[in-house]
There are 2 protein chains.
Amino acid sequence: MPITPDLLDRLAARLGPGGFSTDPDVLAPHLREWRGRIQGVSPFLAMPGDTAAVADVVRLCREAGAAITPQGGNTGLVGGQIPDGEILLSLKRMNRIRSVDPANDSLVAEAGAVLAVVQEAAIQADRRFPLSLGSQGSAMIGGLISTNAGGVHVMRFGMMRELVLGLEAVLPDGRVLDALSPLRKNNTGYDLKQLLIGAEGTLGVITAAALKLAPAPRQHVVAMAGVTEPGHALTLLHAVRGQVEGLSAFELMNRQSIALALSRVPGLREPLALAPPFTVLLEFETTGSEPLEDNVEAVLADMLETGVIVDAAVSRSQTQAREFWRLRESLPEGHRTGAAQVNLDISVPVSQTPAFIAAGDALGRRMVADARVVAFGHMGDGNIHFSVLAPDAAPHDAFPYHPLQEALHDLAVSLGGSISAEHGIGVARKDELLRFKDPVALDVMRTLKAALDPQRLMNPRALI
Amino acid sequence: MPITPDLLDRLAARLGPGGFSTDPDVLAPHLREWRGRIQGVSPFLAMPGDTAAVADVVRLCREAGAAITPQGGNTGLVGGQIPDGEILLSLKRMNRIRSVDPANDSLVAEAGAVLAVVQEAAIQADRRFPLSLGSQGSAMIGGLISTNAGGVHVMRFGMMRELVLGLEAVLPDGRVLDALSPLRKNNTGYDLKQLLIGAEGTLGVITAAALKLAPAPRQHVVAMAGVTEPGHALTLLHAVRGQVEGLSAFELMNRQSIALALSRVPGLREPLALAPPFTVLLEFETTGSEPLEDNVEAVLADMLETGVIVDAAVSRSQTQAREFWRLRESLPEGHRTGAAQVNLDISVPVSQTPAFIAAGDALGRRMVADARVVAFGHMGDGNIHFSVLAPDAAPHDAFPYHPLQEALHDLAVSLGGSISAEHGIGVARKDELLRFKDPVALDVMRTLKAALDPQRLMNPRALI
């Protein structure tokens, strides 16, 4: 890779003091994947402070034929943000909220703005920014858009894609695409921002975005419901959606996922006395004055009576609502036991989630002795985080990591599903992408990449 | 254009009886824009019955270097569906609902399925397909996707783009892109369907789509509210959104738009006794059991008391709800008086709608003597259908059509807006697109077109 001392000098001169670093101690946290699974390498950390500086970095690298790995909050789970020799381009200094327009339900944030900061800016304007996920205290807007982030409120508010009204980006040739206008409707040609959303930095560097806000909710209720099988959870989902306004999250947790969390994360409590095989967290948020808690209780009572659910609890306070969420949010930590395991981010049509969970469970138990099968996540979107863990003491080298992952991916795809619902492809899932993606689609992707980044300098190891 | 007898023979042989026509009487309705503004020409109407036949038509035309104009329900307003010598490819025989999956809130419809038929299929499954617009009795799914249609429910359910889960399309090289899976979350590479949505047939022919359904509403209330100025309508919008769940339409109508409709469309009634300067139609639809009508009345009473609105009426029956809608839906007919006029489909940030209407009104009156200024439409999305009409008796040739259109487009763009919110570019707005579109964006659009359709055979006169 032609990263010469001359290029580094030019970049340093353009970026100025504070705008770059070659200090290994400064670079170190940017080169380490946050779970420690990947250790990257880079000779140069660029930290441009504005869009013009990003454009110049891209241009200088292009002239030198040097590749770039863009990075936001470094919270990705598939390695797309970790350089392996490329120039590392961190957007973290571009962290301003440029403007807030409550009367348009929008704000403009730079790529390095942390999600929690954007959420707070919305609250200050008596609005909300509804994207919500575990890493919101460090994930940045640019990375969240580049990976089309999901999270727990997708069923009501959509993926990040649906929340982006406009984008500003530096294209691979160094030109700035200014498509920031926060319009709800704009049919004037190909919607270019859609290409950059979810492109994992391979078609350009997102520098700012106009984001869609929603009204601030006035009422908030979280409930837990127990079911004996996922099919009943599906019945519950549609009954609730058809009878109560404001369902914003519908998160399934199997018994194993809760048991692991309860045993390993201090301060958690079993939410339902019956400890049912599957527990669903339901969140409702409304702007209205209707008696939301009563309405939720009524539909759950109906579901109890008809035997769809076997147990239920409705939050009586914001403290209890937070406690319910804390259980759900602790699940990933709960199953990082150190055991040999495979962790998936599959999706299937919502109607197929029961079939996936049943067949996936059987598959895991067949391929791993004494397997612990963890299934949890965004059932309302058909997105199940599915893991199979060996016993803690079982040797890692005997674990059928690849065959099991492939078999579970095969299962998801056979049900009309996807091997990556919300985490993206990055570096970790490229082989699997090649195995599953429609060859025509792959070919069109390559055509687009070649047309927009013919030198393959933008995040060249990710996605494609 | 190299449309040879040999090509026509090959197409006829592939399509078989019933799959094509060269009869002028059969072609006639397909060649005439529905308002009679454009008369097209084509030697051959292809009416393939399945995706494989569409692919073969595209391949045969490509081998011959012959261009194609795809057509759905022929309801477009900017001429993109009318051929000028090209092979005319009608999707109307591909009109099946291939499948309905209520438990996934989705259905798969072919490109030639009429919107009203799709809506009805959703209702039969106790769901709804929320896209709703004036031409729903004839507009077809493929055209609605190719133009990223809008309509009256965008503020709650989004444009067509947000309602498409998956797509099947024939690419310009004749290959079939199969991306029909109805997933809510799927981050496995560039979201190629986004490129085809709103591309007006220039990047391929959409043959089928997986569409997102919503729960069936249980309650439905339509209200009319009178305001003295658009700024008060904006206050009303945010007050309502912040206090009542379920606002699905927020349509502004100025006095002139209502007056023209009342005087020209039989059977309409003035909804508000005060005949205020601006009337807003608000529609609410909820799945819940809350007293929706009471809630709407309460917020409107509050708005009356604080002087935000000057009059209000809430529908007491579905008959009255339909009557309110009929007034709104009659407005376009009301201002087709035959007078010289300019009709725009602009959008601005919602916060800028009052500024646009005030300045646009002044501009129209300055440039046209005794102008009648019509402003109505989707204020909740910042999308105003804005027209300036000369007196009926004024000569057409003295009307400043182009200077006025340009001045109003300049105004919209100066407020951060767009010259085409929901109708698209087609043939009619290509010059204006070139005048306004960011040159970088235009260049990227050309790069994409060249990469995917290097021979420029797909709807070559539309959009780009």
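A residue counts as buried under 20% relative accessible area, as exposed over 50%, and as partly exposed in between. In this predicted model, these classes help to place the salt bridges described below.

The arrangement of the two chains comes first. Two copies of a chain are related by a rotation about an axis and a shift along it. Here a turn of 180 degrees, with a shift of 0.0 Å along the axis, lays chain A on chain B with an RMSD of 0.0 Å. The two copies are therefore related as by a two-fold rotation axis. Both use the same surface, since 100% of the contact residues of chain A recur in chain B.

That contact draws on 88 residues of chain A and 89 residues of chain B. Together the chains bury about 6,600 Å², with 56% of this area on carbon and sulfur atoms. On the side of chain A, the residues that lose the most area to chain B are Lys185(A), Asn187(A) and Tyr190(A), which together account for 16% of what that side buries. Lys185(A) also forms a salt bridge with Asp381(B), with the closest N and O atoms 3.5 Å apart. Between chain A and chain B there are 12 salt bridges, and 48 residue pairs are in polar contact across the interface. Several elements of chain A each supply at least two residues to the side that touches chain B, among them helix 9 (230-243), strand 14 (278-286) and helix 16 (439-452). Helix 16 of chain A gives the most, with 10 residues. By type, this side of chain A divides into 35 nonpolar, 31 polar and 22 charged residues.

Over all chains, the structure holds 58 salt bridges. One of them joins the side chains of Glu297(A) and Arg316(A), at 2.3 Å from N to O. The partners are 19 residues apart, with Glu297(A) in helix 11 (residues 292-305) and Arg316(A) in the loop between strand 15 (311-314) and helix 12 (318-334) of chain A. Glu297(A) has 28% relative accessibility and so counts as partly exposed, whereas Arg316(A), at 54%, is exposed.

In chain B, Arg128(B) and Glu285(B) form a salt bridge whose closest N and O atoms are 2.9 Å apart. Arg128(B) lies in strand 7 (residues 127-128) and Glu285(B) in strand 14 (residues 278-286) of chain B, so the pair ties together parts that are 157 residues apart in sequence. Both Arg128(B) and Glu285(B) are buried.

Conventions: Residues are numbered from 1 along each chain as its sequence is written. Chains are lettered from A and ligands numbered from 1 in the order in which they are written. This is a predicted model: local features need pLDDT of at least 70, side-chain atom pairs count only at pLDDT 80 or more; totals for chains, interfaces and linings use all residues. Side-chain values use heavy atoms; hydrogens and water are left out. Copies are superposed by least squares on the C-alpha atoms of residues with pLDDT of at least 70 in both. Contact means heavy atoms within 4.5 Å. Buried area is the accessible area (1.4 Å probe) that two parts lose on being put together, summed over both. A salt bridge is a side-chain nitrogen of Lys or Arg within 4 Å of a carboxyl oxygen of Asp or Glu. A polar contact is a pair of N or O atoms within 3.5 Å; within protein, one must be able to donate a hydrogen and the other to accept it, and residues adjacent in sequence count only if both atoms are side-chain atoms. Helices (H or I, at least four residues) and strands (E, at least two) are DSSP runs, numbered from the N terminus. Ala, Val, Leu, Ile, Met, Phe, Trp, Tyr, Cys and Pro count as nonpolar, Asp, Glu, Lys and Arg as charged, and the others, Gly among them, as polar. Buried means under 20% relative accessible area, exposed over 50%, partly exposed in between (1.4 Å probe, protein chains only).
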